[in-house]
Amino acid sequence: MPFLIAILGVLGAAALWWYRMKAMNEAAREVADVVGRVQGNIRRKKLRKQAALSPLTAIDDSVVAAATLITAIVAEHGPVLPPREAAIRDVISQIAENPKKTDEAVVYAKWAASQVDDTTIVIDKLAPFLRERLDPHERDDLLRMLNRVAQGGGQSLRIADQRMLRLRQKLGFEVN
């Protein structure tokens with residue numbers, strides 16, 4: 001009889017430990033799933049950010065960069081309608097070598113601006129690019145071009161002071 005009680009005790013202890021190990025295994029799997037989901041979310045966010053920047057990193061021409069910058073800032077107030085696009089096309093044609101270059105710059109600018117959700121990213125990425133390639137007079141012309149587009153195209157737009165301040169700062173102008 002004591003032998004039978006000892007066997008039952010060992011079997012009971014083994015069953016208890018088996019159940020505890022099974023529960024710990026399930027808990028470890030749940031933790032691993034949560035960690036995997038968090039890592040996946042971080043990876044997806046990083047990829048989304050890279051994808052958002054890719055239209056901007058592909059820009060290697062100051063005319064296209066200027067058109068994209070102007071279009072993104074203007075598109076912040078709503079879709080770029082034909083009158084506003086005509087104003088963009090007009091200011092870009094003054095700095096482009098030919099009409100084909102103007103069309104190319106405006107089309108790419110509209111597409112790139114629609115791909116990037118945050119105008120701040122566009123300013124942060126393109127303004128330093130333009131600062132390197134333009135002299136101070138040309139950078140000042142860029143700001144005047146932006147104001148002409150904002151005033152043209154039918155209804156006048158008011159560009160947020162913080163956008164203009166950030167743009168002026170990134171272009172290398174002294175900001176008070």
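**Exercises on charge and core**

Glu132 is exposed (over 50% relative accessible area, where under 20% is buried and anything in between is partly exposed, with a 1.4 Å probe and protein chains only), its own relative accessible area being 62%. The model is predicted, so that local features need pLDDT of at least 70 and side-chain atom pairs count only at pLDDT 80 or more, while totals for chains, interfaces and linings use all residues. Residues are numbered from 1 along each chain as its sequence is written, and side-chain values use heavy atoms, with hydrogens and water left out.

**Exercise 1.** Find the partner that Glu132 meets in a salt bridge, and state how far that partner is exposed.

*Solution.* Begin with the rule, by which a salt bridge is a side-chain nitrogen of Lys or Arg within 4 Å of a carboxyl oxygen of Asp or Glu. The side chain of Glu132 meets that of Arg133 in this way, at 3.2 Å from N to O. Next, take the accessibility of Arg133, which is 44%, and the residue is therefore partly exposed. Finally, note that the count by this rule comes to ten salt bridges.

**Exercise 2.** Describe the salt bridge between Glu85 and Lys110, and place each residue in its helix.

*Solution.* First, the two side chains meet at 2.9 Å, N to O. Second, helices (H or I, at least four residues) are DSSP runs, numbered from the N terminus. Glu85 lies in helix H3 and Lys110 in helix H4, so the pair ties together parts that are 25 residues apart in sequence. Third, Glu85 counts as buried at 17% relative accessibility, whereas Lys110, at 32%, counts as partly exposed. Last, Glu85 and Lys110 belong to a network of salt bridges that also links Arg89 and Asp103.

**Exercise 3.** Work out which parts of the chain the salt bridge between Asp124 and Lys170 links.

*Solution.* The side chains of Asp124 and Lys170 meet at 3.8 Å, N to O. Asp124 is in helix H5 and Lys170 in helix H7, 46 residues apart, and the pair thus links distant parts of the chain. Asp124 has a relative accessible area of 28% and is partly exposed, and Lys170, with 26%, is partly exposed.

**Exercise 4.** Name the helix that gives the most residues to the largest nonpolar core.

*Solution.* A nonpolar core is a set of buried Ala, Val, Leu, Ile, Met, Phe, Trp, Tyr and Cys residues joined through side-chain atoms within 4.5 Å. The largest one has 41 residues, and Leu69 and Ile70 are among those that touch the most other members. Helix H2 (62-75) is one of the elements that give two or more residues, and H2 gives the most, with ten.
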